[in-house]
Structure formats: structure tokens, C-alpha cells
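Trainee: I would like a close look at one part of this structure, the surroundings of the bound ligands. Please go through them slowly and add what helps to place them.

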Amino acid sequence: MDIGIGLFGLGTVGSGVVKILQENMDQITKRTGSRLTVKHAVVHNLNKPRHGFTQDFPITDNASDILDNDDIQIVVEVMGTLDQAYDIIKRALNAKKHVVTANKDLIASHGQELVAIAEANGVDLFFEAAVAGGIPILRTLASSFTADEISRVAGIINGTSNFILTQMAINNLSYAEALKLAQDKGFAESDPTNDVEGFDAAFKLIILSNFAFGIQPVLGDLTINGIANLTDTDIADANSFGYAVKLLGVAQRVGDTKEAISIEVAPHLVPFTHPLATVNNENNAVLVNGESVGEVMLYGPGAGEMPTANSVLSDLTNVATDLALNTPGRPFNSFNQDLNLAKPSQRVARRFIVVEVDDTPGAMYSVTGMFAAAKISFTDLKQTPAANGTARLVALTHPASDAQLNVIRTTIRNADGINLAAEYKIFS
Ligand SMILES: NC(=O)C1=CN([C@@H]2O[C@H](COP(=O)(O)OP(=O)(O)OC[C@H]3O[C@@H](n4cnc5c(N)ncnc54)[C@H](OP(=O)(O)O)[C@@H]3O)[C@@H](O)[C@H]2O)C=CC1
Ligand SMILES: N[C@@H](CC=O)C(=O)O
């Protein structure tokens with residue numbers, strides 16, 4: 001069978017898709033029984049030079065060249081954007097074209113609606129590349145955990161921020177230098193704010209939560225903190241206690257009967273002995289905890305041209321198989337549950353807390369008193385002199401809830417001469 005592809009976007013991911021299709025054409029045809037060919041591509045800037053593949057298809061800046069083209073059965077959207085991609089995908093689905101996208105912003109924001117449109121039109125909508133780049137996590141969650149109950153899905157799901165943290169730690173690059181390198185290598189989003197402020201990971205965690213728990217959270221249901229406020233001193237202090245600092249997405253069942261779900265993106269302290277601590281550069285890793293299976297970790301490149309393109313190709317070959325078997329239109333994930341969002345009192349973890357306090361006699365005593373009043377106790381404590389007559393108190397705590405932390409935040413905010421400089425959860 002001949003299957004025509006219309007490609008929106010010929011940047012990092014789009015170029016990789018074309019390269020794999022061209023280089024592995026015979027293998028793909030042999031394995032799927034279908035010949036997948038790019039018939040047309042749409043880009044933003046027609047004058048931009050394109051390298052690395054043979055351009056044997058027309059390129060335009062007119063979406064209708066793909067959407068109104070009867071020779072095209074599958075639309076691949078790898079251009080990013082929210083509103084434009086939404087319009088294009090909606091039009092494509094309503095024109096009964098199958099859609100493959102890598103757009104996590106779009107799927108996290110409008111996935112439910114687009115899935116319904118795809119189902120109504122009897123076409124496929126796949127988006128494996130939207131989460132963790134080259135790691136085949138979504139199809140694994142959808143097909144290999146159907147009989148298990150997942151209690152947690154967690155991990156490093158933003159390649160750019162992990163690359164920045166690694167380069168700062170290992171190669172002593174500045175934050176700005178490391179970010180620039182991540183952009184040059186094609187890992188970062190067109191606006192890297194989403195990468196470093198945790199929103200890219202949040203979009204991915206929304207999709208992961210949907211596949212793991214069947215829920216449909218929105219951005220406002222998540223706690224989101226990125227790496228932009230992390231300081232070298234915080235990282236050095238964490239290291240001195242035996243922890244790496246990693247930006248993690250964590251969605252987990254909590255509460256006495258595991259009835260609620262907590263969804264959070266934030267820098268976490270990860271023990272050096274934990275496998276996540278050794279995940280460096282643009283690599284991602286996703287831990288899945290299931291009641292039956294225990295813990296599974298999927299590790300691999302979370303961003304970049306060829307790994308991400310491979311995930312797009314995995315979706316394309318799945319569409320080809322559906323067409324060959326005449327089974328298109330089944331949703332990528334058909335797990336649906338109501339969302340019961342965790343309360344602050346149910347979100348419990350050990351903490352790494354940094355307090356800066358005027359270095360006067362009795363100051364430390366009053367700080368520890370504040371924590372005692374919130375029933376937060378310490379497992380480790382370190383005091384170092386800081387600038388301008390202040391002292392820096394770094395504490396690791398026993399498990400404490402977000403509700404207890406809220407008490408401390410308020411107490412410290414209302415007190416003179418004391419500042420809560422940093423607070424991160426410790427991952428276990
Ligand atoms: N890079 C990565 O590692 C990963 C990216 N993704 C996702 O894949 C998608 C693409 O990312 P990436 O390849 O890095 O992005 P790039 O910025 O490298 O490429 C974007 C492409 O889309 C085209 N484009 C942008 N806006 C429009 C528009 N309005 N109309 C037509 N064409 C447009 C650009 O055209 P032109 O070339 O003319 O500028 C370019 O070819 C994003 O959704 C991203 O989140 C997902 C996983 C990993
Ligand atoms: N910008 C993203 C790209 C992949 O999704 C990242 O850095 O992880």
C-alpha cells in the first residue's frame with residue numbers, strides 16, 4: 001500500500017523524520033507492507049536552507065497544500081505552536097486524515113477534544129514523541145500496564161534542563177552557556193522558558209498522568225517549579241549531603257487508601273545511589289511503579305533530532321499497520337478515571353530546606369523553634385556563615401507535608417531577620 005505523508009515542520013524533528021523515512025525506506029516497507037512517502041511539507045520560512053536529506057517533495061507555506069491533498073493520508077505535525085497546530089490538526093482529523101504529532105503543549109491542553117474528534121472520524125491520533133523524546137513510554141504505559149495498578153510515574157522528562165544541570169555540574173559551564181548549547185543542539189523549545197521554568201515537563205506529566213491514571217489534569221492542577229531559581233550553593237549543599245539535584249516530574253497516588261493523586265514538577269534531591277542521579281545531559285528516565293510489577297525504569301534520549309524522529313516513525317508505522325488491518329480510529333489510550341487531586345496534607349516527603357537568618361545570639365534557636373511548632377523535625381543540620389552577617393542553615397527533615405510547609409512559609413514571612421532561601425523535596 002502507498003501511504004502519503006504531509007509534514008508540518010522541517011526543523012529539528014521534521015528533518016529527522018525525513019532522514020529516517022529516506023534512509024530506512026526498504027526496511028519500513030518490508031516490515032509494514034506499506035510505502036510511506038512524504039508528499040508535501042509546510043514550513044514557516046521558505047528561504048531557509050534545508051540540509052541532510054534529499055528534498056524530493058515540494059515545500060510551501062500554505063497549509064491547504066497538505067490538508068486539501070487527497071494523496072495524503074497522514075499528517076505529521078512537528079512545527080510546535082499552540083493555536084496554529086490546533087487548527088491544523090483539527091482540520092486534518094475532520095478531513096479524515098490520521099495525525100501524528102510531537103506537540104506536548106497542544107496534547108496537554110486540547111488532547112481530550114482532539115482524541116474525541118479523531119474517534120468520531122475513525123482516524124488515528126498518535127503522539128509518542130510528545131513525552132520523553134526517544135523513550136517509548138506512552139505506548140508502553142498504554143499496552144503493558146493494562147492489568148496493573150500504577151501507583152507512581154516519575155522521572156526526568158525535560159532534556160534541556162537536565163542538560164543544563166549536567167553541564168553546569170560537570171563542565172563548569174554557566175547557566176547561560178549551557179542553555180545556549182542546548183538550543184544549538186536542538187533540545188530546547190523555540191521559547192526555552194518552558195524548558196527551564198518547568199512547563200515543558202508539566203505538559204509531559206499531564207500526558208503521562210492521563211496514560212498512567214486515566215485522569216485529565218489541567219496545568220492549574222499541578223505544582224510547577226523549574227530550575228531557574230536553583231543556585232550553585234544549593235546544589236553544592238545538596239551534594240555535600242549525598243544528593244544530586246534533578247528536575248523531576250512526579251505523579252503519584254497518595255492518601256491513606258491511595259485515593260488522591262499528587263502531580264508536581266520541581267527540582268528534587270535525588271540520592272547519588274539512585275539510578276535517576278546518574279541520568280545526565282539530554283537523557284530522560286521515567287520510573288513506573290506498579291502494584292504487581294514493582295518498579296520499572298525506561299531510560300534514553302529525551303530530546304534531539306533522530307531519537308525524537310524515531311518516536312514519530314513508531315507512530316507512523318502504527319498508523320500503517322492500522323490501515324493494513326483496517327483498524328484505525330482506536331484511541332491511543334482509553335483509560336478514563338475521575339481526578340481526585342491530593343490535598344496539601346496528603347503530599348508528604350522529606351525536605352531539603354535552606355534558611356538565611358541574621359547571625360545574632362539565639363537566632364538559630366528561634367528558627368528550630370519555628371520548625372518544632374510546625375512539627376517538622378530534622379535528620380541533618382548544617383550551619384555556615386553567609387554574606388552580610390547572616391548565617392545559612394541547611395536542614396534535611398523527616399517526612400513533612402505541604403500543609404506543614406505552608407505553616408513554616410507563613411511563619412517565616414511574618415518574622416524579621418529570617419528568609420526561606422530554598423526548599424526542595426527529597427525523592428525516594
Ligand atoms: N527538538 C526536540 O528534541 C523535540 C521536540 N519536540 C516537539 O516537536 C515539535 C517541533 O520541534 P522542533 O523540531 O525542535 O522545532 P524547530 O523549531 O526546530 O522546527 C519547527 C519547524 O516548524 C516550522 N514552523 C514553525 N511555525 C510554523 C508555522 N506557523 N507554520 C508552518 N511551519 C511552521 C518551522 O519552519 P522554518 O524551518 O521555516 O522556520 C520549522 O521547520 C515541537 O512541538 C516540540 O515541542 C518533541 C520532542 C523532542
Ligand atoms: N525541549 C524538550 C524537547 C523534548 O521534548 C526537552 O528539552 O525535553
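Mentor: What follows goes through the two ligand shells, then a helix that contributes to one of them, and then two other parts of the chain. Keep in mind that this is a predicted model.

Start with ligand 1. There are 29 residues around ligand 1, and those that come nearest are Gly9, Gly11, Met79, Gly80 and Ala303. Sorted by class, the shell holds eleven nonpolar, 15 polar and three charged residues. Helix α1, which covers residues 12-23, supplies three residues, the largest share of this shell.

Now ligand 2. Around ligand 2 you find Gly133, Asn158, Gly159 and Thr160, then Phe187, Ala188 and Glu189, then Asp195 and Asp200, and finally Gly302 and Ala303. Three residues of this shell are nonpolar, five are polar and three are charged. Look at Ala303 again: Ala303 is listed around ligand 2, and Ala303 is also among the residues that come nearest to ligand 1.

Next, return to helix α1 and see what it packs against. Its partner is helix α12, residues 305-325; the two axes lie 8 Å apart and form an angle of about 65°. Angles of 65 to 115 degrees count as roughly perpendicular, so α1 is roughly perpendicular to α12. The crossing of α1 past α12 is right-handed. On the α1 side, the contact is made by Thr12, Val13, Ser15, Gly16, Val17 and Ile20. On the α12 side, it is made by Glu305, Met306, Thr308, Ala309, Asn310, Val312 and Leu313. Seven residues of this contact are nonpolar, five are polar and one is charged.

For another helix pair, go to α4, residues 83-94, and α5, residues 104-121. Their axes are 9 Å apart, at an angle of about 10°. An angle under 35 degrees counts as roughly parallel, so α4 is roughly parallel to α5. This crossing is right-handed. From α4, the residues in contact are Ala85, Tyr86, Ile89, Lys90, Leu93 and Asn94. They meet Leu106, His110, Leu114, Ile117, Ala118 and Asn121 of α5. By class, eight residues of the contact are nonpolar, three are polar and one is charged.

Last, look further along the chain. An unreviewed UniProt entry places the feature "domain: ACT" at residues 352-428. Over that stretch the chain is 30% helix and 44% strand. The C-alpha atoms at its two ends are 13 Å apart.

Technical notes:
Residues numbered from 1 in each chain as written. Chains lettered and ligands numbered in written order. Predicted model: local features only at pLDDT ≥ 70, side-chain atom pairs only at ≥ 80, totals over all residues. UniProt positions renumbered as here; feature names shortened; annotations may be inferred. Helix = DSSP H or I, 4+ residues; strand = E, 2+ residues; numbered from the N terminus. Axes fitted to C-alpha atoms, helices over the stretch in contact; angles between N-to-C directions. Parallel < 35°, antiparallel > 145°, perpendicular 65-115°, else oblique. Left-handed = near helix turned anticlockwise from the far one by under 90°. Contact = placed C-beta atoms within 7 Å. Nonpolar A, V, L, I, M, F, W, Y, C, P; charged D, E, K, R; others polar. Near = placed C-beta within 6 Å.
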